[in-house]
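Please look through the sequence and the structure below. The paragraphs after them go through some aromatic pairs, a buried site and a helix.

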Amino acid sequence: MTSTVAIQPSYFRSFLRAGHAPTLGAAFFYFAFSCAIWVLNGTMAPFITEAYKLSPAEKGVMLSIPIFAGALMRFPLGILAQYIGRKNATLVEMGGIAIAMLFGYFYVQSFNELLAMGVLLGIAGASFGVAMSLGSGSFPARYKGLAMGIVGAGNIGTAISALLAPPLAQAFGWQTVYGFAAVAVLLPVMAMVVFAKEPPDLDKHASFKEHIACLFEKDGWAFSLIYAVTFGGFIGLTTFLPSYFYDQFGVSKVQAGQLTMLAAFMGAVLRVFGGWISDHWGGVNTLTGVLLVVSGTLVLCGLAENSLTLTVLLFLVCFAALGAGNGALFQLVPLRWPLSTAVAGSMIGEIGALGGGLIPNAMGLSKQHAGTYLWGFVGFAVCAAAMLLLLRVMQMRWTRTWAEKGGRARSA
């Protein structure tokens, strides 16, 4: 009965009235734009590889640098947001993105400068924890999963980047795409200035030590490691797939981007579903199913390396599970850290994204030394299975202390 009511329009109207919908929308737009910028080098990888004649291992390094840089910048931005406000932190970050795009347009002329550009792209990857906390901050606990799922669906920016960047790079040159992005950043800036309002869910009297308490708690690290599979898998595979489709199946550069877009779109959309179903079924229950599906489909993706059709279908299922898992995990975060969600989310997002940075490297090394990508997929599948075991062990304590059975929010 609860699920039937939940999918009716009246439920969604009640949800929107429970918080500040314009801030939710602005946070979604900001995060979507940031995701699009973060994976820009990945979506243009076939063009960049051709320009600099990169080996598989060099390509893995080029693809992983923006992911690692973005991951390392997430926690500092989350701390900054606790002091200057989440809305102000987003504006500071978007100013940094604009400077980074101008550097790419005017100064990137060599492979070493491209690697430096990868570090600057990490500025966009820092947005996660702040965006999630800003968008969901005004919503009560029973709606946190859906609110965070909607903001997190800004991952769709990776799909938009994969769809638009290759044809723009083909028509105008891949460096010119940075210039287009420098102008486009004005759109999310205006949305944030006009529509966003700082939420009240902040303990202004907390000390710095209290802000960073999640760094020293087992729960924070458990969430981070699980997120390294769900979100790390999403961002790592999104960055890697244009090169994989182009190299493995011989499709065109634009077609490689389009196929990646399908998978990334699936993962972004299912993040909303993952947050919604976790509000009702529980984040722990949802993550259990997610990790089982991810580990199985990854192995099958590696075995299906000679069939483009089967590979695409398997990636769609895998990305759907990864997206739902991202929504499910962040249904749990505000239940565990209700007054420091931005910092906790930034820490978890940081470790999770670092996991994603390992994927292009692992795939490149597997191809270069074993002649196949299979062992990269198998290694990732083993990690997913290990995180399933960790989840089942940790959930016994979680459901005794701060969550209901299955990972649902406790009644007020």
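Counting rings of Phe, Tyr and Trp (its six-membered ring) as paired if their centres lie within 6.5 Å, the total comes to 34 aromatic pairs. The planes of a pair count as stacked when under 30 degrees apart, edge-to-face when over 60, and tilted for the rest. Phenylalanine 172 and phenylalanine 180 are edge-to-face, because their ring centres are 5.4 Å apart and their planes stand at 80°. Tryptophan 174 and tyrosine 178 are also edge-to-face, with centres 6.2 Å apart and planes at 85°. This is a predicted model, in which local features need pLDDT of at least 70 and side-chain atom pairs count only at pLDDT 80 or more, while totals for chains, interfaces and linings use all residues. Residues are numbered from 1 along each chain as its sequence is written, and side-chain values use heavy atoms, leaving out hydrogens and water.

Tryptophan 174 and tyrosine 178 lie 4 residues apart in helix H12 (residues 174–184), so about one helical turn separates them. Helices here are DSSP runs of H or I with at least four residues, numbered from the N terminus. Tyrosine 178 has a relative accessible area of 0% and is buried, which means under 20% (exposed is over 50%, partly exposed in between; 1.4 Å probe, protein chains only).

Asparagine 41, in helix H4 (residues 40–43), is buried as well, at 1% relative accessibility. Its side chain meets that of tyrosine 178 in a polar contact of 2.5 Å; such a contact is a pair of N or O atoms within 3.5 Å, where within protein one must be able to donate a hydrogen and the other to accept it, and residues adjacent in sequence count only if both atoms are side-chain atoms.

Helix H16 spans residues 253–281. Just after H16, glycine 282 has a positive phi of about 110°.

Note on methods. Helix = DSSP H or I, 4+ residues; strand = E, 2+ residues; numbered from the N terminus. Expected span 1.5 Å × (residues − 1).
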